[in-house]
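This explanation leads a new reader through selected parts of a protein model. It takes up a packed pair of helices, then a group of aromatic rings, and lastly a single residue with its surroundings.

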Amino acid sequence: MNKYKKDFPVFENKPCVYLDSAATAQRPSAVIEAEKYFYENMNANPLRGLYDLSMAATDAYAEARSCVREFINASDDAEIIFTRNTTESLNLVAYSYGLNFIHEGDEIVTTVMEHHSNMLPWQMVAERTGAKLIYLEPEKDGTFSDEELDRKITDKCKLISIAQVSNVLGCVNPIKKLADRVHKNGGVIVVDGAQSVPHMRVDVQELGADFLAFSGHKLMAPFGIGVLYGKRDLLEKMPPFLTGGEMIEYVRLDGATWAELPHKFEAGTVNPAGAYGLKASIEYLQSVGFDYIRETEDRLTSMIFEEFKKFPYIHVCGSDDPLKHTGIVAFTIDGVHPHDIASILDADKVDIRAGHHCAQPLMDFLGVGNTARASLYLYNDEDDVESFLNSIKKVRKIMGFDK
Ligand code: PLP
């Protein structure tokens, strides 16, 4: 059994084979306890009160910000904005940067493999500014050819927004290369790190990322806390996204001035318990280490691929190389709707996802309506994969094929 599994109370309370970590990760006791500790020992509205409890909450919130800054190697705590999730982080960039710094005639480049959260905000910016939205199309294995990049990233491209890891194909996209291209035009790159940050070391400076968005819940933190990293000079010139309490310096009847970063982008009461839980999840993740995570995901993905190869009616989306999947295996079975696959597996207490994975344009591009998806994380092991595969082998029989 995986030595980390015991750290996750859900597996003892509700035994299951959990293979839906790309949707949300399970939480270790360390995170659950941290959030509880906050409410039992530091619960007050941070940044507001001049009494002990409130100052403890303020300190906890600030420590969490520093922890995130170190984790992604940002150069300044002020570059870390707490949000609710990746979706809110990306919308913040679209509304605050996109609507103000992208103009008619500019080009925004994204890809057909994006999660809707990283597609709809750019459709909105293009529609409102008159900029042109251009979609990169990948090869079968999820890579982008140089010809595709040369054809579609012109000198009019002022913003590229792309997932570092696709939530369906699991491929890792070439952020550094794209950053270099858009920077030559004086543009920016927005990185959707929802599926990368929990699985690999992400260094915003090394990548050349101008913005990076991710969700706490996919890296074992509580729900409702997310992060937007932005380069300080960009955040400084951007107007606030939401207005209200806590994000102001001074309010008059005829206007207001804004608080310093990062508070300018954190309107209203913040989520210090979530941030404190996020810090605990990052510390837990670091105690496990990305090498272990990578090795576990690669080993288990390879096991799945080996077995899937024996069944010509199973088709995996993306690369044929299991090591290029970041633990994500989206697949179809001929003649069986993915919802039926998921229901049959559910009867064996194997939890996978089925549907369009909030990536309908990618489903269209791949020519599939929906897919099933198994996604792995640090607590999975060989037993999980064996149960999954045993269940998968029953699917066609139950659906009336292969008598
Ligand atoms: N981007 C990617 C690649 C995702 O996989 C997801 C969630 O699955 C999101 C964005 C949106 O994340 P959230 O729902 O936490 O905002």
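**Helix packing and aromatic rings**

In this predicted model, helix 11 contributes Arg-299, Leu-300, Met-303, Ile-304, Glu-307 and Phe-308 to a contact with helix 14, where Glu-382, Val-385, Glu-386, Phe-388, Leu-389, Ile-392 and Lys-393 are met. Sorted by character, the residues of this contact comprise 8 nonpolar and 5 charged, with no polar ones.

The geometry of the two helices may be considered next. Two packed helices are described by the angle between their axes and by the distance between those axes. Helix 11 spans residues 290–308 and helix 14 spans residues 382–398; their axes come within 10 Å and cross at roughly 25°. Because angles under 35 degrees count as roughly parallel, helix 11 is roughly parallel to helix 14. The crossing of helix 11 with helix 14 is right-handed.

Helix 11 also takes part in the aromatic contacts of the model, through Tyr-292. The structure holds 18 aromatic pairs. One of them joins Tyr-4 and Tyr-284: the ring centres are 6.5 Å apart and the planes stand at 80°, so the pair is edge-to-face. This pair links distant parts of the chain, since Tyr-4 belongs to the segment before helix 1 (9–13) and Tyr-284 to helix 10 (residues 272–288), 280 residues apart. Tyr-4 and Tyr-284 are both buried.

Tyr-4 forms an edge-to-face pair with Tyr-292 as well, with 4.9 Å from centre to centre and 75° between the planes. Here too distant parts of the chain are linked: Tyr-4 in the segment before helix 1 and Tyr-292 in helix 11 are 288 residues apart.

Is Tyr-4 buried or exposed, and on what value does this rest? Its relative accessibility is 14%; residues under 20% count as buried, and therefore Tyr-4 is classed as buried. These rings form part of a cluster in which ring pairs link Tyr-4, Phe-8, Phe-11, Tyr-284, Tyr-292, Tyr-377 and Tyr-379.

A further residue may be followed in another helix. Asn-91 lies in helix 4, which covers residues 86–101. Which residues does Asn-91 contact when its neighbours within four places in sequence are left aside? They are Ser-96, Pro-121 and Phe-241. Asn-91 may also be set against Ala-372: the two are 281 residues apart in sequence, and their C-alpha atoms are 28 Å apart in space.

Methods. Residues numbered from 1 in each chain as written. Predicted model: local features only at pLDDT ≥ 70, side-chain atom pairs only at ≥ 80, totals over all residues. Heavy atoms only, no water. Axes fitted to C-alpha atoms, helices over the stretch in contact; angles between N-to-C directions. Helix = DSSP H or I, 4+ residues; strand = E, 2+ residues; numbered from the N terminus. Parallel < 35°, antiparallel > 145°, perpendicular 65-115°, else oblique. Left-handed = near helix turned anticlockwise from the far one by under 90°. Contact = heavy atoms within 4.5 Å. Nonpolar A, V, L, I, M, F, W, Y, C, P; charged D, E, K, R; others polar. Phe/Tyr/Trp six-rings, centres within 6.5 Å; stacked < 30°, edge-to-face > 60°. Buried < 20%, exposed > 50% of the residue type's maximum accessible area, 1.4 Å probe, protein only.
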